[in-house]
Amino acid sequence: MLKGLSAIVTGSTSGIGLGIAEALARDGAKVMLNGFGEASQIERQRAQLQAETGVQIAYSAADMAQPEQIRRMVVEAEQLFGAVDILVNNAGIQFIAPVEEFPDEKWAQILAINLTSNFHAIKAALPGMKRRNRGRIINIASAHGLIASPFKSAYVAAKHGTLGLTKTVALEVAETGITCNAICPGYVRTPLVEGQIKEQARAHRMSEQQVIEAVILASQPNKRFVSLQELADLVLFLCSDSAISITGAALPMDGGWTAR
Ligand code: NAD
């Protein structure tokens with residue numbers, strides 16, 4: 001149980017981040033949500049989760065492309081909750097194009113949100129974790145942190161970079177009660193992947209079901225999407241005392257994709 005602990009989950013207004021935030025709250029942790037979306041819908045989500053779990057749920061609108069806003073989000077969570085014990089760096093975006101046509105601004109944006117934001121959030125949260133000698137940093141990378149696919153140069157570079165950052169931080173805090181790990185999911189059926197299914201269906205003139213079977217899940221040997229529940233359960237385990245010796249790891253949850 002995470003009762004009495006506090007967490008920030010970046011990019012938690014949707015998809016994987018929301019699933020992880022809900023699981024942490026249901027396990028007793030106070031949670032700061034973050035991400036974009038319609039203000040009234042986010043407030044509804046926040047209030048609903050708080051009412052359901054009885055723990056304090058806050059929200060920060062910080063843009064993960066803006067270092068100053070990331071620093072402020074961490075300070076705000078520390079002031080509100082008294083600590084940030086768990087940091088889940090999850091916010092991420094995707095853009096697909098051949099490298100020679102890849103827009104410079106998309107490259108910069110993906111590197112900022114998918115990689116550099118992790119550095120800024122860790123840098124801001126680590127001093128408090130070190131003072132308390134307790135902390136869990138979990139970076140949501142991707143199977144694309146371990147292997148590549150064509151047309152995803154920025155995403156693959158950012159996710160590989162996230163694994164490098166994870167290992168470095170883990171070594172720097174190895175003698176403390178803090179761990180730093182990355183989870184490398186295969187495909188999870190979230191709005192980010194729904195967008196890719198639609199795009200590929202248009203590009204290949206296929207039905208969405210054909211794209212799921214022939215394109216998306218073609219790389220995943222077990223031929224099924226990873227569920228939010230499976231991911232959230234791994235995060236909860238990494239947050240537990242039993243996971244203190246797991247650090248600097250890149251944990252695949254990809255139905256065998258990276259075993260090929
Ligand atoms: P999603 O699009 O459903 O959610 C992304 C979240 O990030 C949203 O809450 C969005 O508002 C937020 N976000 C985007 N830009 C932001 C910014 N600048 N500042 C703050 N928040 C921002 O995506 P998802 O599929 O849930 O992906 C979440 C993470 O998991 C990403 O890092 C993604 O790379 C990774 N991932 C996803 C899959 C998958 O199959 N869905 C697989 C492997 C890894």
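**View 1. Residue classes in the lining of the largest pocket of this predicted model.** The lining has 17 nonpolar, 15 polar and three charged residues. Here Ala, Val, Leu, Ile, Met, Phe, Trp, Tyr, Cys and Pro count as nonpolar, Asp, Glu, Lys and Arg as charged, and the others, Gly among them, as polar. A pocket is an open set of points on a 1 Å grid over the protein atoms alone, where a 1.4 Å probe fits, with protein on both sides within 12 Å along at least five of seven lines; lining residues have an atom within 4 Å of a point. In this predicted model, local features need pLDDT of at least 70 and side-chain atom pairs count only at pLDDT 80 or more, while totals for chains, interfaces and linings use all residues. Residues are numbered from 1 along each chain as its sequence is written, and side-chain values use heavy atoms, with hydrogens and water left out.

**View 2. Space and surroundings of the largest pocket.** The largest pocket holds about 760 Å³ of space, a volume being the space filled by probe spheres set on grid points joined across faces, edges and corners. It is lined by 35 residues, of which Asn90, Ala91, Gly92, Ile93 and Leu192 are the closest to its centre. At least two lining residues come from each of helix 1 (15–26), helix 5 (153–172) and helix 6 (191–204). Helix 6 gives the largest share, four residues. Helices are DSSP runs (H or I, at least four residues) numbered from the N terminus.

**View 3. The second largest pocket, between two domains.** Its volume is about 310 Å³. Among its 16 lining residues, Pro150, Phe151, Lys152, Gln200 and Val215 are the closest to the centre. Helix 6 and helix 7 (208–216) each give two or more residues to this lining. The second largest pocket lies between domain 1 (6–186 + 226–259) and domain 2 (189–225) because both give residues to its lining; the bounds come from an automatic or database domain assignment.

**View 4. The ligand and its polar contacts.** The ligand is surrounded by 30 residues (a heavy atom within 4 Å), the closest being Ser14, Asn90, Tyr155, Val188 and Thr190. A polar contact is a pair of N or O atoms within 3.5 Å. Ligand oxygen atoms lie 2.8 Å from a polar backbone atom of isoleucine 16, 2.7 Å from a backbone N or O atom of asparagine 90 and 2.9 Å from a polar side-chain atom of lysine 159.

Definitions and conventions: Polar contact = N/O pair within 3.5 Å; in protein donor to acceptor, adjacent residues only side chain to side chain.
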